[in-house]
Amino acid sequence: MSASLREFGPQIWVAEGPVVSFFRFAYPTRMAVIRLSDGGLFAWSPIALSPPLKAEVDALGPVRFLVSPNKLHNLYLGDWKAAYPNAQLFAAPGLRRRRKDLGFDGDLGDAPDSAWAADIDQVLLRGSWAMTEVVFFHHASGAAIFADLIQNFPRNWFKGWRAALARYAGIVAPHPGAPRDWRSSFLDRRAARAALARILAWPIERALIAHGDPAATDGGAFVRGAFAWLARP
Ligand SMILES: [Fe+2]
(Lines give C-alpha, C1' and ligand atoms only; values in the text may rest on other atoms or scores of the structure.)
Protein backbone atom coordinates (compact mmCIF):
# COMPACT_ATOMS: atom_id res chain seq x y z
CA MET A 1 0.00 0.00 0.00
CA SER A 2 1.16 3.46 -0.87
CA ALA A 3 2.32 5.42 2.15
CA SER A 4 2.04 8.86 0.66
CA LEU A 5 0.69 9.12 -2.86
CA ARG A 6 -2.96 8.50 -3.67
CA GLU A 7 -4.33 8.32 -7.18
CA PHE A 8 -6.74 11.19 -7.83
CA GLY A 9 -7.41 10.40 -11.49
CA PRO A 10 -5.61 9.26 -14.62
CA GLN A 11 -1.94 10.33 -14.43
CA ILE A 12 -2.49 12.47 -11.34
CA TRP A 13 -1.72 11.70 -7.71
CA VAL A 14 -2.03 13.61 -4.45
CA ALA A 15 -0.09 13.47 -1.22
CA GLU A 16 -1.20 14.86 2.12
CA GLY A 17 1.40 16.94 3.94
CA PRO A 18 1.77 17.99 7.54
CA VAL A 19 -0.53 20.56 9.06
CA VAL A 20 1.04 24.01 8.91
CA SER A 21 0.13 27.10 10.91
CA PHE A 22 -1.28 30.06 8.99
CA PHE A 23 -2.09 33.03 11.22
CA ARG A 24 -2.38 30.41 14.00
CA PHE A 25 -4.96 28.44 12.04
CA ALA A 26 -4.10 24.77 11.48
CA TYR A 27 -3.95 24.22 7.73
CA PRO A 28 -3.69 20.71 6.31
CA THR A 29 -1.61 20.69 3.12
CA ARG A 30 -1.82 18.69 -0.08
CA MET A 31 0.29 18.48 -3.20
CA ALA A 32 -0.30 16.99 -6.63
CA VAL A 33 1.96 15.09 -8.96
CA ILE A 34 1.05 14.88 -12.63
CA ARG A 35 2.77 12.55 -15.07
CA LEU A 36 3.11 14.31 -18.41
CA SER A 37 2.80 12.54 -21.75
CA ASP A 38 6.57 12.35 -22.06
CA GLY A 39 6.83 10.60 -18.68
CA GLY A 40 8.21 13.60 -16.76
CA LEU A 41 6.60 14.71 -13.53
CA PHE A 42 4.99 18.06 -12.78
CA ALA A 43 4.99 18.62 -9.01
CA TRP A 44 2.38 21.15 -7.93
CA SER A 45 2.63 22.90 -4.57
CA PRO A 46 5.21 20.55 -3.06
CA ILE A 47 4.71 19.51 0.57
CA ALA A 48 7.40 18.42 3.04
CA LEU A 49 9.58 15.85 1.26
CA SER A 50 9.83 12.74 3.44
CA PRO A 51 11.92 9.75 2.32
CA PRO A 52 8.80 7.58 1.73
CA LEU A 53 7.20 10.30 -0.37
CA LYS A 54 10.38 10.77 -2.36
CA ALA A 55 10.61 7.04 -3.05
CA GLU A 56 7.03 6.97 -4.32
CA VAL A 57 7.51 10.03 -6.49
CA ASP A 58 10.69 8.58 -7.94
CA ALA A 59 8.82 5.40 -8.84
CA LEU A 60 6.43 7.45 -11.00
CA GLY A 61 9.14 9.06 -13.11
CA PRO A 62 11.70 11.87 -13.21
CA VAL A 63 10.65 15.13 -11.57
CA ARG A 64 10.95 17.83 -14.24
CA PHE A 65 8.95 20.77 -12.89
CA LEU A 66 8.41 22.24 -9.43
CA VAL A 67 5.50 24.65 -9.47
CA SER A 68 4.22 27.08 -6.84
CA PRO A 69 0.60 28.05 -7.56
CA ASN A 70 0.78 31.25 -5.53
CA LYS A 71 3.32 33.24 -3.56
CA LEU A 72 2.26 31.73 -0.22
CA HIS A 73 2.86 28.13 -1.25
CA ASN A 74 6.63 28.24 -1.10
CA LEU A 75 7.69 26.52 2.13
CA TYR A 76 9.18 23.37 0.62
CA LEU A 77 10.35 24.50 -2.81
CA GLY A 78 13.95 24.77 -1.61
CA ASP A 79 13.97 21.23 -0.24
CA TRP A 80 12.57 19.85 -3.49
CA LYS A 81 15.00 21.83 -5.62
CA ALA A 82 17.85 20.47 -3.50
CA ALA A 83 16.55 16.91 -3.92
CA TYR A 84 15.87 17.38 -7.64
CA PRO A 85 18.52 19.80 -8.92
CA ASN A 86 17.64 19.03 -12.53
CA ALA A 87 13.99 19.97 -12.07
CA GLN A 88 12.95 23.45 -13.18
CA LEU A 89 11.47 25.68 -10.51
CA PHE A 90 8.63 27.97 -11.60
CA ALA A 91 7.49 31.03 -9.66
CA ALA A 92 3.94 32.24 -9.16
CA PRO A 93 3.39 36.01 -9.48
CA GLY A 94 5.08 37.82 -6.60
CA LEU A 95 7.09 34.84 -5.41
CA ARG A 96 10.51 35.83 -6.76
CA ARG A 97 10.45 38.96 -4.63
CA ARG A 98 9.39 37.00 -1.58
CA ARG A 99 11.95 34.20 -1.96
CA LYS A 100 15.12 35.81 -3.27
CA ASP A 101 17.02 32.84 -1.85
CA LEU A 102 15.52 30.45 -4.41
CA GLY A 103 16.93 30.16 -7.90
CA PHE A 104 13.91 30.15 -10.18
CA ASP A 105 14.07 28.82 -13.72
CA GLY A 106 10.88 30.39 -14.99
CA ASP A 107 7.70 32.30 -14.23
CA LEU A 108 4.12 31.11 -14.46
CA GLY A 109 2.05 33.19 -16.84
CA ASP A 110 -1.44 33.33 -18.26
CA ALA A 111 -0.78 30.46 -20.66
CA PRO A 112 0.86 27.10 -20.11
CA ASP A 113 4.59 26.76 -20.67
CA SER A 114 5.27 24.88 -23.89
CA ALA A 115 6.93 22.16 -21.81
CA TRP A 116 3.57 21.07 -20.34
CA ALA A 117 0.99 22.69 -22.64
CA ALA A 118 0.10 19.34 -24.22
CA ASP A 119 -1.14 18.08 -20.85
CA ILE A 120 -1.94 21.07 -18.67
CA ASP A 121 -3.63 24.44 -19.24
CA GLN A 122 -3.34 27.39 -16.86
CA VAL A 123 -4.97 30.73 -16.09
CA LEU A 124 -3.89 33.59 -13.85
CA LEU A 125 -6.81 34.60 -11.68
CA ARG A 126 -6.06 38.29 -11.88
CA GLY A 127 -7.88 41.22 -10.37
CA SER A 128 -6.67 41.08 -6.74
CA TRP A 129 -4.21 43.59 -5.34
CA ALA A 130 -3.23 41.04 -2.69
CA MET A 131 -2.37 37.86 -4.57
CA THR A 132 -2.60 36.29 -8.01
CA GLU A 133 -2.99 32.53 -8.07
CA VAL A 134 -2.27 30.31 -11.04
CA VAL A 135 -5.11 27.86 -11.70
CA PHE A 136 -4.29 24.69 -13.62
CA PHE A 137 -6.33 22.20 -15.60
CA HIS A 138 -5.07 18.69 -16.30
CA HIS A 139 -6.66 17.41 -19.48
CA ALA A 140 -6.23 13.67 -18.91
CA SER A 141 -8.04 13.67 -15.57
CA GLY A 142 -10.35 16.64 -16.06
CA ALA A 143 -8.95 18.04 -12.81
CA ALA A 144 -9.02 21.77 -12.12
CA ILE A 145 -6.41 22.56 -9.49
CA PHE A 146 -6.66 25.32 -6.87
CA ALA A 147 -4.38 26.21 -3.97
CA ASP A 148 -6.02 28.87 -1.80
CA LEU A 149 -8.79 30.08 -4.12
CA ILE A 150 -11.03 27.22 -3.01
CA GLN A 151 -10.77 26.06 0.59
CA ASN A 152 -13.17 23.43 1.86
CA PHE A 153 -12.52 22.53 5.47
CA PRO A 154 -14.65 19.82 7.09
CA ARG A 155 -17.18 21.39 9.44
CA ASN A 156 -15.49 19.99 12.54
CA TRP A 157 -11.91 20.86 11.53
CA PHE A 158 -11.67 24.10 13.48
CA LYS A 159 -12.92 24.47 17.05
CA GLY A 160 -14.38 27.36 19.05
CA TRP A 161 -13.77 30.90 17.82
CA ARG A 162 -11.64 29.64 14.96
CA ALA A 163 -14.58 27.58 13.71
CA ALA A 164 -16.83 30.64 13.79
CA LEU A 165 -14.23 32.77 12.05
CA ALA A 166 -13.60 30.12 9.37
CA ARG A 167 -17.32 29.86 8.67
CA TYR A 168 -17.53 33.62 8.40
CA ALA A 169 -14.52 33.57 6.09
CA GLY A 170 -16.38 31.23 3.75
CA ILE A 171 -13.91 28.34 3.70
CA VAL A 172 -15.93 25.60 5.42
CA ALA A 173 -18.03 22.85 3.81
CA PRO A 174 -20.64 22.91 2.39
CA HIS A 175 -19.76 26.46 1.32
CA PRO A 176 -16.19 26.30 -0.01
CA GLY A 177 -14.42 29.30 -1.44
CA ALA A 178 -11.64 31.82 -1.08
CA PRO A 179 -11.36 33.54 2.30
CA ARG A 180 -13.63 36.56 2.53
CA ASP A 181 -10.80 39.07 3.02
CA TRP A 182 -9.09 37.85 -0.13
CA ARG A 183 -12.35 38.01 -2.08
CA SER A 184 -12.66 41.67 -1.14
CA SER A 185 -9.21 42.35 -2.60
CA PHE A 186 -10.43 41.53 -6.11
CA LEU A 187 -11.14 45.14 -6.99
CA ASP A 188 -10.71 44.57 -10.73
CA ARG A 189 -13.79 42.41 -11.13
CA ARG A 190 -13.69 42.63 -14.89
CA ALA A 191 -10.23 41.01 -15.03
CA ALA A 192 -11.20 38.41 -12.44
CA ARG A 193 -14.41 37.46 -14.22
CA ALA A 194 -12.60 37.13 -17.54
CA ALA A 195 -10.19 34.68 -15.92
CA LEU A 196 -13.05 32.83 -14.22
CA ALA A 197 -14.82 32.47 -17.56
CA ARG A 198 -11.76 30.72 -18.96
CA ILE A 199 -11.67 28.40 -15.94
CA LEU A 200 -15.36 27.53 -16.19
CA ALA A 201 -14.95 26.77 -19.89
CA TRP A 202 -12.72 23.80 -19.03
CA PRO A 203 -14.49 20.40 -19.04
CA ILE A 204 -13.97 20.06 -15.28
CA GLU A 205 -14.69 16.61 -13.89
CA ARG A 206 -12.98 16.96 -10.52
CA ALA A 207 -11.48 19.72 -8.45
CA LEU A 208 -8.24 19.33 -6.57
CA ILE A 209 -7.56 21.79 -3.74
CA ALA A 210 -4.73 22.23 -1.24
CA HIS A 211 -6.76 22.76 1.93
CA GLY A 212 -9.76 20.65 2.85
CA ASP A 213 -11.84 18.15 0.94
CA PRO A 214 -11.39 18.05 -2.85
CA ALA A 215 -14.23 17.18 -5.23
CA ALA A 216 -13.61 13.77 -6.75
CA THR A 217 -16.82 14.04 -8.78
CA ASP A 218 -19.05 16.88 -10.01
CA GLY A 219 -16.04 19.15 -10.13
CA GLY A 220 -17.70 21.66 -12.43
CA ALA A 221 -20.56 22.33 -10.01
CA PHE A 222 -18.12 22.48 -7.10
CA VAL A 223 -15.97 25.12 -8.81
CA ARG A 224 -18.98 27.12 -10.00
CA GLY A 225 -20.40 27.19 -6.47
CA ALA A 226 -17.07 28.16 -4.93
CA PHE A 227 -16.85 31.19 -7.23
CA ALA A 228 -20.42 32.40 -6.86
CA TRP A 229 -18.99 35.40 -4.96
CA LEU A 230 -17.18 36.48 -8.10
CA ALA A 231 -19.70 35.51 -10.76
CA ARG A 232 -22.43 37.66 -9.24
CA PRO A 233 -22.36 41.35 -10.07
FE1 LIG B 1 -2.55 27.69 1.08
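**Notebook: sheets, helices, a pocket and an iron ion**

I started with helix 6 (residues 189–200), which lies across strand 8, strand 9 and strand 10 and runs at about 160 degrees to strand 8. A reminder to myself: this is a predicted model.

**Entry 1: the sheet under helix 6.** I looked up how these strands are arranged. They belong to an open sheet of four strands in the order 8-9-10-11, and the pairing is mixed. Which strands sit at the edges? I found strand 8 (120–125) and strand 11 (206–209), each pairing on one side only. On average, neighbouring strands of this sheet are turned by 20 degrees against each other, direction ignored.

Next I zoomed in on strand 9 (residues 133–138) and strand 10 (residues 143–146). They run antiparallel and are joined by three bridges. To see one pairing by eye, I found Phe137, which stands opposite Ala144 in strand 10.

I also checked helix 7 (residues 219–226). Helix 7 lies across strand 10 and strand 11, and its angle to strand 11 is about 55 degrees.

**Entry 2: the other sheet.** Here I traced seven strands forming an open sheet in the order 1-2-3-4-5-6-7, with mixed pairing. Its edges are strand 1 (5–9) and strand 7 (106–107), each with pairing on one side only. Strand 1 pairs with strand 2 in the antiparallel sense, over four bridges. I picked out Leu5, whose bridge partner in strand 2 is Ala15.

**Entry 3: the iron ion.** Which protein atoms are the donors of the iron ion? I noted His73 (NE2), Asp148 (OD) and His211 (NE2), lying 1.9 to 2.1 Å from the ion. Along the chain, these donors follow the spacing H-x74-D-x62-H. I then looked up where two of them come from. His73 is in the loop between strand 5 (63–67) and helix 2 (77–83), while Asp148 is in the loop between strand 10 and helix 4. The two are 75 residues apart, so this pair links distant parts of the chain.

**Entry 4: the largest pocket.** I wrote down a volume of about 890 Å³ for the largest pocket. Its lining has 36 residues, and the closest to the pocket centre are Phe22, Phe23, Tyr27, Leu72 and Gln151. Which elements each supply at least two residues of the lining? I listed strand 2 (12–22), strand 3 (25–35), helix 4 (160–169) and helix 5 (180–183). Last, I sorted the lining by residue type and got 22 nonpolar, eight polar and six charged.

Definitions and conventions:
Residues are numbered from 1 along each chain as its sequence is written. This is a predicted model: local features need pLDDT of at least 70, side-chain atom pairs count only at pLDDT 80 or more; totals for chains, interfaces and linings use all residues. Side-chain values use heavy atoms; hydrogens and water are left out. Two strands pair if DSSP finds at least two bridges between them. Axes are lines fitted to C-alpha atoms, for helices over the stretch in contact, and angles run from 0 to 180 degrees between N-to-C directions. Contact means heavy atoms within 4.5 Å. On a 1 Å grid over the protein atoms alone, a cavity is a set of points where a 1.4 Å probe fits but cannot get out, and a pocket is an open set with protein on both sides within 12 Å along at least five of seven lines; lining residues have an atom within 4 Å of a point. Grid points are joined across faces, edges and corners, and a volume is the space filled by probe spheres set on the points. Ala, Val, Leu, Ile, Met, Phe, Trp, Tyr, Cys and Pro count as nonpolar, Asp, Glu, Lys and Arg as charged, and the others, Gly among them, as polar. Donors are N, O and S atoms within 2.8 Å of the metal (3.2 Å for Na, K and Ca); water is not among the atoms, so sites may look incomplete.
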